[in-house]
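Subject: Structure handover and findings

Dear colleague,

Please find below the structure that I am handing over to you. My findings follow directly after it.

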Amino acid sequence: MGRTVSVRGWLAIAVAGPVMALAGCTSPLGLAAAGADVVTLNATKKTIGDHLVSAATGRDCSIISFEQSGDYCPDKVEIDRSRVYCYRTLADVECHHIPDPYRNGNTALASPPPEIRTVPRRKSWFDDATPYTANNGT
């Protein structure tokens, strides 16, 4: 009976081989930095470089978001789902901020779509920087 190896397994083997071959060519500091980068990527979904770029620009930059959406520093969006849910009653229509408040299994009438807003970006390192002016030797 043959065993199958997943795509991730093949990818790990394909990456591990060259990394082990190059391990003799790098310094221990380089290997430690690469290990720290891998740990940071697993813990926060960002590399150390991503954290530096995010702090410098005030935006949420990530190599993973670049892979998924093609945008390295996408704008964060906030989805407001606090809209009303309206139900048909015996003589009228009642609207509530929670779905099915009486738990009677009624389905909501056409509720409005959620409101999507972009979140203002954080302050970056360069927001308060004073512009450079030459003193012309004085």
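Please note at the outset that this is a predicted model.

I begin with helix H2, which covers residues 28–44. At 1.5 Å a residue, its 17 residues should span 24 Å, and the end C-alpha atoms are indeed 24 Å apart, so the expected and computed spans agree. Just after H2, Lys 45 adopts a positive phi of about 60°.

The loop between H2 and H3 also contains Thr 47. With a relative accessible area of 16%, Thr 47 falls under the 20% cut-off and therefore counts as buried. Neighbours within four places in sequence aside, Thr 47 is in contact with Asp 37, Thr 40, Leu 41 and Ile 63.

Helix H3 comprises residues 48–57 and includes Ile 48. The relative accessible area of Ile 48 is 37%, so this residue is classed as partly exposed. Together with Leu 52 and Trp 125, Ile 48 makes a nonpolar surface patch of about 330 Å².

Salt bridges

How many salt bridges does a search of the whole structure find? The search returns three. As general background, side chains of opposite charge can pair when their charged atoms come close.

One of the salt bridges is formed by the side chains of Lys 46 and Asp 60, at 2.8 Å from N to O. This pair links distant parts of the chain, 14 residues apart: Lys 46 is in the loop between H2 and H3, while Asp 60 is in the loop between H3 and helix H4 (63–69). The two partners differ in accessibility class: Lys 46 is buried, at a relative accessible area of 12%, whereas Asp 60 is partly exposed, at 28%.

Another salt bridge joins Arg 59 to Asp 75, and the closest N and O atoms are 2.8 Å apart. Here too the pair links distant parts of the chain, with Arg 59 in the loop between H3 and H4 and Asp 75 in the loop between H4 and strand E1 (77–80), 16 residues apart. Arg 59 is partly exposed, with a relative accessible area of 29%. Asp 75 has a relative accessible area of 52%; this lies over the 50% cut-off, so Asp 75 counts as exposed.

There is also a salt bridge between the side chains of Arg 117 and Glu 78, again with an N to O distance of 2.8 Å. Arg 117 belongs to strand E4 (residues 115–118) and Glu 78 to strand E1, so the pair ties together parts that are 39 residues apart in sequence. Arg 117 is partly exposed, at 33% relative accessibility, and Glu 78 is partly exposed as well, at 40%.

Strand pairing

Which way do strands E2 and E3 run, parallel or antiparallel? Strand E2 (residues 85–88) and strand E3 (residues 93–96) run antiparallel and are joined by four bridges. Within this pairing, Tyr 87 has Glu 94 in E3 as its bridge partner. The connection from E2 to E3 is a hairpin of four residues.

Yours sincerely,

A colleague

Definitions and conventions: Residues numbered from 1 in each chain as written. Predicted model: local features only at pLDDT ≥ 70, side-chain atom pairs only at ≥ 80, totals over all residues. Heavy atoms only, no water. Helix = DSSP H or I, 4+ residues; strand = E, 2+ residues; numbered from the N terminus. Expected span 1.5 Å × (residues − 1). Patch = residues over 30% accessible without salt bridge, like charges linked within 9 Å, V, L, I, M, F, W, Y side chains within 5 Å. Areas by Shrake-Rupley, 256 points an atom, 1.4 Å probe, with all protein chains shown as cover. Salt bridge = Lys/Arg side-chain N within 4 Å of Asp/Glu carboxyl O. Buried < 20%, exposed > 50% of the residue type's maximum accessible area, 1.4 Å probe, protein only. Pairing = 2+ DSSP bridges. Contact = heavy atoms within 4.5 Å.
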